[in-house]
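User: Please take a close look at one part of this structure, the turn-bearing sheet and its surroundings, and walk me through it in a connected way. I would like to know which residues stand out there and how the neighbouring parts relate to it.

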Amino acid sequence: MRIAYGGIATESCTFSPLPTRHADFTIIRGAPLRERYPFLSGFDADFAPLLHASALPGGSVTVEAYAALKAEFLELLRAALPIDGLYLDLHGAMHVAGMDDAEGDWVTAIRAVIGPEPLISASFDLHANLSPREVAQLDMLTAFRTAPHVDVEATRQKAVTMLVDCLRAGIRPQRALIQIPVVLPGERTSTEWAPGDRLYAALPESDTQPGVLDASMLVGYVWADEPRAGATVVVTGTDRGVIEHEAARLARLYWDARAEFQFGVPTGSIDECIAQALAAPESCVFISDSGDNPTAGGAGDVPLFVERLLAHEVADAVVASIADPDAAAICYAAGVGAHVALSLGGKLDPVTSEAVPVTGQVIFLLPTDDPGERQAVVQSRGVQVIVTGRRRPFHYIADFQRLGIEPLDHKIIVVKIGYLVPDLKRAAPLALLALSPGAVDQAIERLPFKRIRRPMYPLDPSMDW
């Protein structure tokens, strides 16, 4: 059997002022794409790599970028024909300027090229916003079951396994989709604590039902103001009655648990979290600057934490990081040991905050010839600020260590992130989550939703369904 594969993946925050352009995508084409899916060697099939494009979450994808990527993907797909099946590696929360349901458009165009016969299987992020149009064009799908995501490769492999098995058996599966009117941040819907742990533990029971191939429960992506945003349940299988029953059962479990969803660590305003950290007996406290999380679509340059740490005269803190290419260039031009005066941040997301004046000493510069890879550490009184040439996450202790910073040696570590990813979580003696303002504000009631389906919980807390 001949199976083509590829896809596109990004999260698009419609509240972000940052457009996602073609240059923001990392594109893997042809043979090098095989390295992304090492498990394919275990299948007896002819796999034809197309392309996969991925971008750090940001604002809406530009029309030009989407059109170019779509056209190239379809051209490669036509060249790969004939095929028996197609595996799509998607995220599921991409928004294109002026277009709702971008992935729905993507798979509809693919179906028009390959025709009705080849089977299409897809894997999705837990935070995908699925639409009826998209699910109707697919034959089967599965999604991550962990947040933070530790089952990425297992999910991709399951999507391919279902596809191969159905092709061998001559099965064309059916899907049962239920859209649940609940939209919540990922930081409140982690699978590591209640009720997420309990809800996702129910999925294997559905998988074992005769006539079911996969049961997927998606919490959706809250920072996309479009009609498809929200939680969904999709059950794939061969028995229509069984998959509809299981979809309804899982959707009811999710709806009934809606008021239980909670943050997994203590929360507060920026000032409250700083005060909690300073009063804590732990020698080091990690604080999530959650409203400006670049891995959820934030600009990564809101400097409010820097301003408040300096205002409170905090004696020992690190901020990771402020994306400001102009400030980074000043630091590199000045050199290590030089004193600099910076107008820091507030350029990518001027809606949330203005630039903050910061004076300090450059204490570290990461060697690089690429302006986008610049990382400078500036000491301003008791606060060390990492200034970067572009938006970037700091997800690993090693990200700090390569800049000469041992995080656990400092009282406060501010990271532009939501829930701590596993490496930081293991290291943090104490974690707090600041409900800080930004494009991906966790206090979603403060966001200017206009196009999302209503009523929607918790925006309409007294609604029934």
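Analyst: **The open sheet and its surroundings**

R381 counts as exposed because its relative accessible area is 59%, and the cut-off for that word is over 50%. The model is a predicted one, and what follows should be read with that in mind. R381 lies in the loop between β15 and β16, and its phi is near 50°, a positive value in a residue other than glycine. Most residues other than glycine have a negative phi. E313 also carries a positive phi, near 55°, and is placed in the loop between α9 and β12. With 64% relative accessibility, E313 counts as exposed.

The two loops lead into the sheet itself. Strands β15, β16 and β12 belong to an open sheet of 9 strands with mixed pairing, whose order is β10-β18-β11-β17-β12-β16-β15-β14-β13. At its edges are β10 (267-268) and β13 (339-344), each of which pairs on one side only. For β13 the partner is β14 (residues 356-365), and the two run antiparallel, joined by 6 bridges; within this pair, A341 stands opposite T359 of β14. In a regular strand the side chains alternate between the two faces of the sheet.

Two helices can be placed against these strands. Helix α9 (residues 304-311) packs on the sheet and touches β11, β12 (317-323), β14, β15 (375-380), β16 (383-388), β17 and β18, with its direction making about 150° with that of β12. Helix α8 (residues 270-279) lies across β10, β11 (285-289), β17 (412-415) and β18 (431-434), and runs at about 165° to β18. Strands β11, β17 and β18 are thus met by α8 and also touched by α9.

After β17 the chain reaches a glycine that deserves a careful look. G418 lies in the loop between β17 and α12, and it counts as buried because its relative accessibility is 2%, where the cut-off is under 20%. Leaving aside neighbours within four places in sequence, G418 is in contact with E187, S288, S290, N293 and L433. Among these, S288 falls within the range of β11 and L433 within that of β18. The contact with E187 joins parts of the chain that are 231 residues apart, and the C-alpha atoms of G418 and E187 are separated by 6.1 Å.

Beyond β18, the segment that follows it holds P458, and the peptide bond that joins Y457 to P458 is cis, with omega about 5°. A second cis bond, again with omega about 5°, joins A147 and P148, where P148 is found in the loop between β6 (140-143) and α4. Most peptide bonds are trans, so these two proline sites are worth inspecting on screen.

The helix that follows the P148 loop, α4, also takes part in the surroundings of the largest pocket. That pocket holds about 1200 Å³ of space, and of the 42 residues that line it, the closest to its centre are P57, D125, H149, T295 and H395. The elements that give two or more residues to its lining are β2 (25-29), β3 (46-55), α4 (152-169) and α12 (422-427), and β3 gives the most, with 3 residues. By type, the lining divides into 20 nonpolar, 13 polar and 9 charged residues. The loop that carries G418 ends at α12, and α12 is one of the elements named for this lining.

The second largest pocket has about 390 Å³ of space. It is lined by 15 residues, and L18, P19, D24, R390 and R391 lie nearest its centre; the lining divides into 8 nonpolar, 3 polar and 4 charged residues.

Strand β3 leads to another group of paired strands. It is joined by 7 bridges to β1, with which it runs parallel, and in that pairing R2 has D46 of β3 as its bridge partner. Strand β1 (residues 2-9) is mostly covered, since 7 of its 8 residues are buried. A further 4 bridges join β1 to β4 (residues 85-89), and this pair runs parallel, with Y5 standing opposite Y87 in β4.

Note on methods: Residues numbered from 1 in each chain as written. Predicted model: local features only at pLDDT ≥ 70, side-chain atom pairs only at ≥ 80, totals over all residues. Heavy atoms only, no water. 1 Å grid on protein atoms, 1.4 Å probe; cavity = no way out; pocket = protein on both sides within 12 Å on 5 of 7 lines; lining within 4 Å. Points joined across faces, edges and corners; volume = space filled by probe spheres on them. Nonpolar A, V, L, I, M, F, W, Y, C, P; charged D, E, K, R; others polar. Buried < 20%, exposed > 50% of the residue type's maximum accessible area, 1.4 Å probe, protein only. Pairing = 2+ DSSP bridges. Contact = heavy atoms within 4.5 Å. Axes fitted to C-alpha atoms, helices over the stretch in contact; angles between N-to-C directions.
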